[in-house]
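Work through the following exercises with the sequence and the coordinates open beside you. Each task is followed by a solution in steps.

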Amino acid sequence: MDKFKTVLSLVNKQTSFGLLALLTAGGEQIFSTVVFKCPCNGLNFLYGMVFLLVPALALLLLGYILSKKTWKLLTGLCQRRDKLCHRRRLLSACVILFQISSTALVAPSSWIAVALLSGNYYECAITGTNVTAFNEHLCKNKEQESNCVKELYRFPCGRGNGVPQAVREEVLLTLRAQSQILGWLLIGSIILSNLLLTCVARCTSPISYLQLKFWRAYTQEESDLIESYTAKHAKQLAERNLSSFFNEAPPEDITTPTKQAWEKISSLYKFSTKDNYYSTLHRYVNETTRMASIKSSEQGEPTPAALHFVDDGRAFM
């Protein structure tokens, strides 16, 4: 089990948009081959659309669920609704939600694109439509046109006794061509939109390319370390409490961050060139240390006589 967790953690670290899209495409091909069987009756349209859209919706929801930013944004949101109503905070929340959505849309868009390229779901769905005008358009100028319209829903299964096989294959080829055109258009639009968004984000970036790489490396290391460190600290606290309980002895002193400290480091962070911090934890540690040093210097050192002289208002012009 430990080895499996190690491999899974490594896969999660190395997963990129390309690898995620490749895994989704492979899953769709297996799903289409093993599970999907067009019923070739009145359920064609519903059956095909369910297989095309419902897995994409499930992948989209899974993308939201697996995103850490989603839970950072939502956790405690109902307790701070007054702060969310401010324009700047609402705008920041919308930007973060857009970032989460752009990542979560990779898998469902890959599923739909690959499904359209294969054409199986599209063929089954379209042959089950009850739109007479569209069905007549598919069978227009075909041999035994009336039978073609009536038995169109049977074509994906290779049936249709009243229609020649050549006609059935021609109609299915037309539908597959339409499906593949839609699939390539979807792929092209995804790549183009991703390119444009990346260009806009990099163009408006307040930091350089190498600093951005450093920031990403830092956030990854911090995320890995905070999980191991919190698990270690939680284990120490649990062992302390159990030892105190069973030995009936006073517990040892173990410092745990306050609720306010947890809230400060759990919020989503936006980089600022004024502070030059790389995370909420980085900002909290530096600001807390600075405030502690200022407080210590104020309490530990007497005020010089010259400052007493100025503060008392006895300075001469």
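**Exercise 1.** Locate E248 relative to the helices, and examine its backbone and its accessibility.

*Solution.* E248 lies in the loop between α12 (209-247) and α13 (259-266), where helices are DSSP runs of H or I with at least four residues, numbered from the N terminus. The model is a predicted one, in which local features need pLDDT of at least 70 and side-chain atom pairs count only at pLDDT 80 or more, while totals for chains, interfaces and linings use all residues. Residues are numbered from 1 along each chain as its sequence is written, and side-chain values use heavy atoms, with hydrogens and water left out. Next, consider the backbone: most residues other than glycine have a negative phi. E248, although not a glycine, has a positive phi of about 50 degrees. Finally, E248 counts as exposed at 74% relative accessibility, the classes being buried under 20% relative accessible area, exposed over 50% and partly exposed in between, with a 1.4 Å probe and protein chains only.

**Exercise 2.** Decide whether C40 is buried or exposed, and describe its phi.

*Solution.* Begin with the position of C40, which is in the loop between α2 (17-34) and α3 (44-66). C40 is not a glycine, yet its phi is positive, at about 55 degrees. Its relative accessible area of 4% then places C40 among the buried residues.

**Exercise 3.** Determine how the axes of α7 and α11 are oriented, and which residues meet.

*Solution.* The axes, lines fitted to C-alpha atoms over the stretch in contact, with angles from 0 to 180 degrees between N-to-C directions, come within 6 Å and cross at roughly 150 degrees for α7 (residues 106-118) and α11. Therefore α7 is roughly antiparallel to α11, a label that applies to angles over 145 degrees. As for contacts (heavy atoms within 4.5 Å), the α7 residues include I112, L116 and L117, and those of α11 include L182, W184 and L186.

**Exercise 4.** Identify the most connected members of the largest nonpolar core, and trace the contacts of C148.

*Solution.* A nonpolar core is a set of buried Ala, Val, Leu, Ile, Met, Phe, Trp, Tyr and Cys residues joined through side-chain atoms within 4.5 Å. The largest has 13 residues, of which C148, L152, F155, V171 and L175 touch the most other members. α8 (120-126) and α11 (165-203) each supply at least two residues of this core, and the largest share, four residues, comes from α11. Leaving aside residues up to four places away in sequence, C148 touches C139, F155, V163, V167 and V171. A second, separate core of 10 residues includes F36, C38, L52 and W111.

How values were computed. Parallel < 35°, antiparallel > 145°, perpendicular 65-115°, else oblique.
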